[in-house]
Amino acid sequence: MDLIDTHCHLDDPVFDADREQVLARCRQNGVQRIVVPGVTADSWSRLLALCEADAGLYPALGMHPMYLEAHKPEHLDQLASLLEENRPVAIGEIGLDYYIENPDQRNQESLLRAQLDFARHTDLPVLLHCRKAHDRILKALREIPVRGGIAHAFNGSLQQAHQYIELGFKLGFGGMLTYERSNKLRKLARELPLEAIVLETDAPDMTVASHHGERNSPEYLPECLAALAEVRNVDPAEVARQTTANAEALFGLH
């Protein structure tokens, strides 16, 4: 099995005590490559060093909408420089989060658009975080076209999913698929073309059903694969092959 976790915060301090063991178990489970998204400027250098030390880890750099208070104007300049110097596989995690209490929609959107502009100029895909704001993000993507990317932890409508696909995006599915009560999500995963789906864990968050209440880990990605194969009634090997090919094409990992 050759799987790619397209969204895992492996740089998170919760992995500091056992990161090497986690990676060893990943490889035993067929999770050969992991994309590690950045969320704030103070995490970028650590994240880049982590990915530099392991050929199977790929960095993405971005400013997450939920940490607006941590972002400063000079961080955009810093990001622009790092994108040129380090050429990560994507810009992310970026997006809009209107689910949080009292979201600063104007500043979130300004930050998103600035980073989409970087993506357009560098020809890099983007990793999108979106809660309660799909139509706003889709509008921004139409106005600032980018090479594509992933709508991470996708939970929008089938119509919105097809709009992302038309714009060159893949839809990310992970641990929530493993919960039988996730009826809407499982229906989406069944109806979308497999060519438009990638697998992710979002570890240490959004863990699989078998580890409910515990730290999520990229080593559980095969459980997400099994859930996707089950809802689609397809051989897991075929789902693995196609979702890995989707991720490779998107990130240029051939």
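Ala153 lies in the loop between β6 (149–151) and α6, and in this predicted model the phi of Ala153 is near 50°, a positive value in a residue other than glycine. Asn233 also has a positive phi, of about 55°, although Asn233 is not a glycine. The place of Asn233 is the loop between α8 and α9 (236–251), and because its relative accessibility is 73%, Asn233 counts as exposed.

Two peptide bonds of the backbone are described as cis. One is the bond from Gly92 to Glu93, with omega near 20°, and Glu93 belongs to strand β4 (residues 90–97). Another is the bond from Ala203 to Pro204, with omega near 10°, where Pro204 sits in the loop between β8 and α8. The table sets these backbone values side by side.

| Site | Backbone feature | Value |
|---|---|---|
| Ala153 | positive phi | near 50° |
| Asn233 | positive phi | about 55° |
| Gly92 to Glu93 | cis peptide bond, omega | near 20° |
| Ala203 to Pro204 | cis peptide bond, omega | near 10° |

Helix α7 can be described by its two sides. The buried residues of α7, which runs over residues 183–191, are Leu185, Arg186, Leu188 and Ala189. These residues cover an arc of only 155° around the axis, and therefore they lie on the same side of α7. On the other side of α7, Asn183 and Lys184 are exposed. The cover over the buried residues of α7 includes the helices α6 (158–166) and α8 (221–232), together with the strands β7 (169–173) and β8 (197–199).

Helix α8, which is part of that cover, also holds Ala227. With a relative accessibility of 6%, Ala227 counts as buried, because buried means under 20%. When its neighbours within four places in sequence are left aside, Ala227 is in contact with Leu177 and Thr178. Ala227 and Tyr179 are 48 residues apart along the chain, while their C-alpha atoms are separated by 8.7 Å.

A second pair with that sequence separation gives another distance: Glu20 and Leu68 are 48 residues apart in sequence and 31 Å apart in space, C-alpha to C-alpha. Glu20 is located in helix α1 (residues 19–28), and because its relative accessibility is 58%, which is over 50%, Glu20 counts as exposed.

For the protein as a whole, the secondary structure comes to nine helices and eight strands. The C-alpha trace spans about 45 × 40 × 35 Å along its principal axes. A compact globule with 254 residues would have a radius of gyration near 18 Å, and the 17 Å of the protein agrees with this. Of the 254 residues, 58% count as buried, and residues 24 or more positions apart account for 69% of the contacts that have a separation of 6 or more.

The accessible surface of the protein comes to about 11,100 Å², and 48% of this area belongs to carbon and sulfur atoms. As for charge, the protein has 25 positive and 38 negative charges, and the mean positions of these two sets are 5 Å apart.

Terms used. Residues numbered from 1 in each chain as written. Predicted model: local features only at pLDDT ≥ 70, side-chain atom pairs only at ≥ 80, totals over all residues. Heavy atoms only, no water. Buried < 20%, exposed > 50% of the residue type's maximum accessible area, 1.4 Å probe, protein only. Helix = DSSP H or I, 4+ residues; strand = E, 2+ residues; numbered from the N terminus. Arc of directions from axis to C-beta. Contact = heavy atoms within 4.5 Å. Rg over C-alpha atoms; globule rule 2.2 N^0.38 Å. Areas by Shrake-Rupley, 256 points an atom, 1.4 Å probe, with all protein chains shown as cover. Lys, Arg positive; Asp, Glu negative; His and termini not counted. Charge placed at Lys NZ, Arg CZ, Asp CG, Glu CD.
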